[in-house]
Amino acid sequence: MKAKHKFSGWGWKAVGALLLLIIAGCSMTIDNVTQPGSVNGGDILPVTLNVTISINGGQTSNFMVAVLVPKVWNAQKNATITFTSDITSGDQGMTLIPAGSPAPQGGGLDWPTLLAQKIGNGGNLLPDYEWVAFYSNSAYTVADNSTVHATVSIKIKTSPDNLLFKLGYCVANSTDGLSSPDRYGTAFPNSCFQVNGTGDLIDFCNPQLSVVDPRTSMDNDIITLTFDGGVAPTPLDNATSVYLCISGITDAGDSLSVCEQTDRTKMRSLGLNKWQKDIWPRKLFGLPANKHLTGLRYWLTDAAGGGKVGYGGGSAPFTYTFKCQ
Amino acid sequence: MKPSITKLNAQEEELRGSIRPLKRHCLRIKKFILFTIAAVALWACKPERLVAPGEPVKALSGSWQIIKATRNGTDLTNRFDFSKFRIHFTDSSYTIDSLVPFIVAGNGKWAFDDPTYPFQLSFVAADSGKKSAPLLYPVSAGQRNVIMTFSPGCGLNSYQYTLQKAN
């Protein structure tokens, strides 16, 4: 009787292993990416991915394609993705996976969150990026021990913003998700993609002395100004405290200045010569309800108001434009 | 000679004669008890009218403070001074002290979409139109919390404030 149970246990294990072999049968790679080095602001960015899918065990799944893009492009609305393959005829449509929809084998996380956690940010230095994921409109059954080649066409309408960004791509399927690295493919082209647009350069690629988070905001948001003195030598290298000297430009063209060394301008130290301050512009500049800010100009100073550091470490101010698009 | 019959149990018969009425009496008592039990049992089986417990109407009345604040998922609670902010709710009105970026900037009226199962909290400030925020109403560590999600500035930025009754 005991031996029978033992045999049953092994039998189940064998069945489990067999099932695992059948399920663990799909690997994906992005063989190459074709994308332009730059486009003009507002133009369509065309990207082509050549993908190879190797299947050792039969599977019926939806194809998933995700792109890493700046949030300001609003790619959820402005991107379209289609693909062709050996096993399909004509362009196959894909549809945005709504944020909040759990990814397969993702521990309850949705695709954008799972992609950010597992695949990362592609080396972008500003936090205003996002993964946007699409599923094929149909599920496809692929035969055992076969290889499928797919050509993915991605078209994203860029925003008018002037920016540098490191694009990223991921392909997977609706059964395996990102359960192990061999079940999905990623690609991060080496070059930094450029949009020749208007306004302040939003540089995701190169370390910045100072950045503002979020990149898109209005004067009634809380915005975070960060100064990273480790990026380049500045007069504030040995400062024990750092203060903001800031001007707000109103929609009437006035300049309101707060340039003092008090608690309301004092930045908190993050260590390693990095400093940060969260401000609510409307409160900082004491704006009445009928006035609004269009932008900010700011410098960093030491406790005596000296050692003024601006854009690129020079005397010109760092600038920030309020916008929401 | 006919044998004489000696009544050896004469005393017993006499006794029997005196016990019989008592036995009948006991029988009647038994019947009465059985009848009473049956009557009580039947009465006890009367269908009971069950009233489903009602979900209480959610109340906001009182002063609330911010105990947690996030912007686009980043925790700002200890980075920005929310400590003096208070919102005081009465039956249909609210007032704000020490304003921070919030769904409304002025005092006015408030309402739930459904007082029993609220999912939206709407504000109508005196000088602006109606603004609504998705609402969660959980109990955490024995304290009722109100969690609101809204955008005070750019709609691309999402703020989530957790409010708790101020002492």
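Biologist: Over which residues of chain B does pLDDT stay under 50?
Modeller: This is a predicted model, in which local features need pLDDT of at least 70 and side-chain atom pairs count only at 80 or more, while totals for chains, interfaces and linings use all residues; side-chain values use heavy atoms, leaving out hydrogens and water. Residues are numbered from 1 along each chain as its sequence is written, with chains lettered from A and ligands numbered from 1 in the order in which they are written. pLDDT is the predictor's confidence in each residue, from 0 to 100. The stretch you ask about has one contact beyond four places in sequence (contact means heavy atoms within 4.5 Å), and covers residues 4-15.

Biologist: Where in chain B is confidence highest?
Modeller: Chain B averages a pLDDT of 83, and 84% of the residues score at least 70. Helices (H or I, at least four residues) and strands (E, at least two) are DSSP runs, numbered from the N terminus. Confidence in chain B is lowest in helix α1 (residues 10-44), with a mean of 69, and reaches its highest, 96, in β3(B).

Biologist: What ipTM does the predictor give the complex?
Modeller: Two scores come with the complex as a whole. The pTM is 0.63, and the ipTM is 0.70.

Biologist: How many aromatic pairs does the structure hold over all chains?
Modeller: Rings of Phe, Tyr and Trp (its six-membered ring) pair if their centres lie within 6.5 Å; planes under 30 degrees apart count as stacked, over 60 as edge-to-face and the rest as tilted. Over all chains, the number of such pairs is 22.

Biologist: How many residues apart are B:F102 and B:F150?
Modeller: Happy to walk you through that pair. B:F102 and B:F150 meet edge-to-face, 5.5 Å centre to centre with 70° between the planes. B:F102 lies in the loop between β4 (93-97) and β5 (108-112) of chain B and B:F150 in strand β9 (residues 143-150), so the pair links distant parts of the chain. Their separation along the chain is 48 residues.

Biologist: Is B:F102 buried or exposed?
Modeller: Buried means under 20% relative accessible area, exposed over 50%, and partly exposed in between (1.4 Å probe, protein chains only). B:F150 has 5% relative accessibility and counts as buried. B:F102 is at 2%, so B:F102 counts as buried.

Biologist: Which chain B residue forms a salt bridge with A:D278?
Modeller: Side chains of opposite charge can pair when their charged atoms come close. A salt bridge is a side-chain nitrogen of Lys or Arg within 4 Å of a carboxyl oxygen of Asp or Glu. Here the closest N and O atoms are 2.8 Å apart, and the pair crosses between chains, from strand β19 (residues 274-279) of chain A to the loop between β2 (74-75) and β3 (86-89) of chain B. A:D278 is buried at 6%, and the partner, partly exposed at 24%, is B:R79.

Biologist: What N to O distance does the salt bridge of A:D254 and A:K291 have?
Modeller: A:D254 is partly exposed at 32%, and A:K291 is partly exposed at 27%. Their side chains meet in a salt bridge with an N to O distance of 3.4 Å.

Biologist: Over the ring of which residue does the charged end of A:K308 sit?
Modeller: A charge sits over a ring if NZ of Lys or CZ of Arg is within 6 Å of the ring centre and within 35 degrees of the ring normal. The charged end of A:K308 is 4.3 Å from the centre of the ring of A:W299.
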